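This report looks at enclosed spaces, an open pocket, a nonpolar surface patch and charged pairs in one protein model. The sequence and the structure come before the discussion.

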Amino acid sequence: MKEKIFRYRYSVIFLVYCITVYFLSKNASLVFEWKVIMEDFSIYHDYYYLGKPTAYMPPLYPYYLLLIESIVKTPQWVMISCILQSVILFFSVLVLVLSFEKNAIIKNRYFFAFACIIFFPPILLGATKISSFALTLSVFCIFFALVLKLSRMVTAKSVILISIFSIAGLYLRFEFLFLMIISAIMLIRYKRMKYYNLLFVFAFIFIAYLPWCIRNYEKTGVFHYSTSLNYNFAKGNNEKYDIFSSENLPYDPAKKMVLTDEYLRQNFTDEKQIDQYLQQLNKNFISKHPELFITNSLKKLGINFLNYYPGNYNLTSAYIVYLYSGILLVFSLLFIYTIIQKLKLRFTFDAVFPGVIFIFYLLFYSVAPLPRYFLLYFPLFFLFVFQNFSGKLYLYLLKIKKINR
């Protein structure tokens with residue numbers, strides 16, 4: 001009976017979700033960046049950007065788009081790719097929700113939490129756009145679910161699965177490397193995994209990721225995981241940087257000019273030269289403007305915490321941006337309160353891990369702040385808060401029943 005109710009609830013949510021995703025995806029289109037990449041694919045039959053081989057973004061999402069386009073072969077391939085990535089996201093979030101529900105005091109209310117996450121407007125809109133957001137969030141959710149599972153019981157299946165999804169994460173986003181390292185340190189610190197298990201995982205991931213690094217060396221001249229770090233750092237650390245603008249680009253004070261992607265690829269041979277050039281700009285800025293660097297870094301931390309940023313992901317109206325910022329500010333404070341309350345009782349893995357990930361979010365994205373990336377971690381944080389307060393509510397109701405008796 002309970003299994004039937006479970007299936008019915010999530011089937012209804014899935015049906016409503018699919019209908020909503022279909023209508024939101026109907027007007028999906030390729031924005032400039034992805035349009036250029038797809039056009040370059042048709043010309044060079046390789047992963048290029050503005051006519052030159054690129055390692056700026058990991059290749060999984062561009063190749064995902066290429067695969068859908070080659071299979072569908074109609075103008076509707078853009079809409080179909082959005083629907084498919086949204087469906088993948090649906091089941092990925094469900095995996096994370098069920099991992100929390102399995103260890104909850106009361107289990108039959110988690111479909112509420114699931115609906116809150118999957119229909120949260122910024123996540124729903126982000127999933128139905130041509131962007132790596134949906135697939136990234138999908139991999140993050142499954143990865144977090146596997147980490148939490150490993151923190152309770154290590155099995156060969158879980159080790160293999162986390163290895164596979166770690167590879168997918170690395171092929172999607174640069175920062176996933178740091179999530180892997182943080183998770184490994186946490187699992188070792190709490191003695192949840194043996195060193196040899198982690199060595200096996202990292203060795204497997206390294207071998208699987210090696211072809212991309214070799215390709216980058218052959219095509220761009222650097223044995224690089226990604227060439228985006230210096231670029232993003234230069235975007236967020238220069239004399240012209242506007243803390244309240246979403247249109248920042250690298251700036252060269254010697255040339256007195258903003259460095260667009262077009263300029264960089266027209267005036268440099270490859271991304272190796274671009275990377276070295278931007279790295280030197282970053283060093284010059286920090287050495288010449290240390291006070292401005294520190295001041296702006298603190299401001300950017302504040303922007304990340306407030307989740308306020310003009311031009312926030314899919315949010316154009318200023319009032320919506322303020323509302324979005326206010327809602328997530330309240331949620332962040334509630335999340336911190338929950339962490340503190342849990343840590344007062346005991347420094348468990350389940351309490352410390354989300355807290356460390358939250359600190360990572362604040363620090364990592366303060367280089368060139370993009371508060372929309374909070375959404376990549378939102379399901380984990382939301383479920384942590386939901387589990388804590390639903391458990392407290394259940395115990396409170398039990399107490400009232402006993403008093404009434």
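## Basis of the description

Helices, here H or I runs of at least four residues, and strands, here E runs of at least two, are taken from DSSP and numbered from the N terminus. By that numbering, L177 has its place in helix α9. The model is predicted, and local features are therefore described only where pLDDT is at least 70, whereas totals for linings use all residues.

## The largest cavity

Rolling a probe the size of a water molecule over the atoms shows where empty space is left. In this model the search returns four cavities of 30 Å³ or more, and the largest cavity holds about 130 Å³ of space.

The residues that line the largest cavity are A234, N237, N238, E239, Y251, P253, L281, N282, N284, F285, K288 and H289. Helix α13, which spans residues 271-288, provides the largest share of that lining, with five residues. Sorted by class, the lining of the largest cavity consists of five nonpolar, five polar and two charged residues.

## The second largest cavity

The second largest cavity has a volume of about 110 Å³. It is lined by 14 residues, of which F143, I162, M180, L198 and V201 are the closest to its centre. Two or more lining residues come from each of the helices α7 (133-152), α8 (156-170), α9 (176-189) and α10 (195-220).

What classes of residue make up the lining of the second largest cavity? Twelve of the lining residues are nonpolar and two are polar, while no charged residues take part.

## The second largest pocket

Among the open spaces, the second largest pocket has a volume of about 340 Å³. Its lining comprises 15 residues, and those closest to its centre are S99, K102, A145, L146 and K149. The elements that give two or more residues to this lining are α4 (77-101), α7 and α8.

Helix α7 gives the most to the lining of the second largest pocket, with six residues. By class, the lining of this pocket divides into nine nonpolar, two polar and four charged residues.

## A nonpolar patch on the surface

On the surface, L177, F178, I181, I185 and F202 make a nonpolar patch of about 390 Å². Helix α9 gives the most to the patch, with four residues.

Two members of the patch can be described further. L177 has a relative accessible area of 30% and is therefore partly exposed. F178 is likewise found in helix α9, and because its relative accessibility is 31%, it too counts as partly exposed. F178 also takes part in a contact over a long stretch of sequence, in that F178 and F360 are 182 residues apart along the chain, while their C-alpha atoms are 8.7 Å apart in space.

## Salt bridges

Side chains of opposite charge can pair when their charged atoms come close. The structure holds four salt bridges, three of which are described here.

One of them joins D46 and K219, whose closest N and O atoms are 3.2 Å apart. Because D46 lies in the loop between α2 (32-44) and β1 (48-49) and K219 in helix α10, the pair ties together parts that are 173 residues apart in sequence. Is D46 buried or exposed? With a relative accessible area of 12%, D46 is buried, whereas K219, at 35% relative accessibility, counts as partly exposed.

A further salt bridge is formed by the side chains of E175 and R173, with an N to O distance of 2.8 Å. E175 is buried because its relative accessible area is 3%, and R173, at 14% relative accessibility, counts as buried as well. R265 forms a salt bridge with E271, the closest N and O atoms being 2.8 Å apart, and both R265 and E271 are buried.

## Another pair distant in sequence

L125 has its place in helix α6 (residues 121-127). With a relative accessible area of 25%, L125 is partly exposed. L125 and L24 are 101 residues apart along the chain, and their C-alpha atoms are separated by 7.4 Å.

Definitions and conventions
Residues numbered from 1 in each chain as written. Predicted model: local features only at pLDDT ≥ 70, side-chain atom pairs only at ≥ 80, totals over all residues. Heavy atoms only, no water. 1 Å grid on protein atoms, 1.4 Å probe; cavity = no way out; pocket = protein on both sides within 12 Å on 5 of 7 lines; lining within 4 Å. Points joined across faces, edges and corners; volume = space filled by probe spheres on them. Nonpolar A, V, L, I, M, F, W, Y, C, P; charged D, E, K, R; others polar. Patch = residues over 30% accessible without salt bridge, like charges linked within 9 Å, V, L, I, M, F, W, Y side chains within 5 Å. Areas by Shrake-Rupley, 256 points an atom, 1.4 Å probe, with all protein chains shown as cover. Buried < 20%, exposed > 50% of the residue type's maximum accessible area, 1.4 Å probe, protein only.
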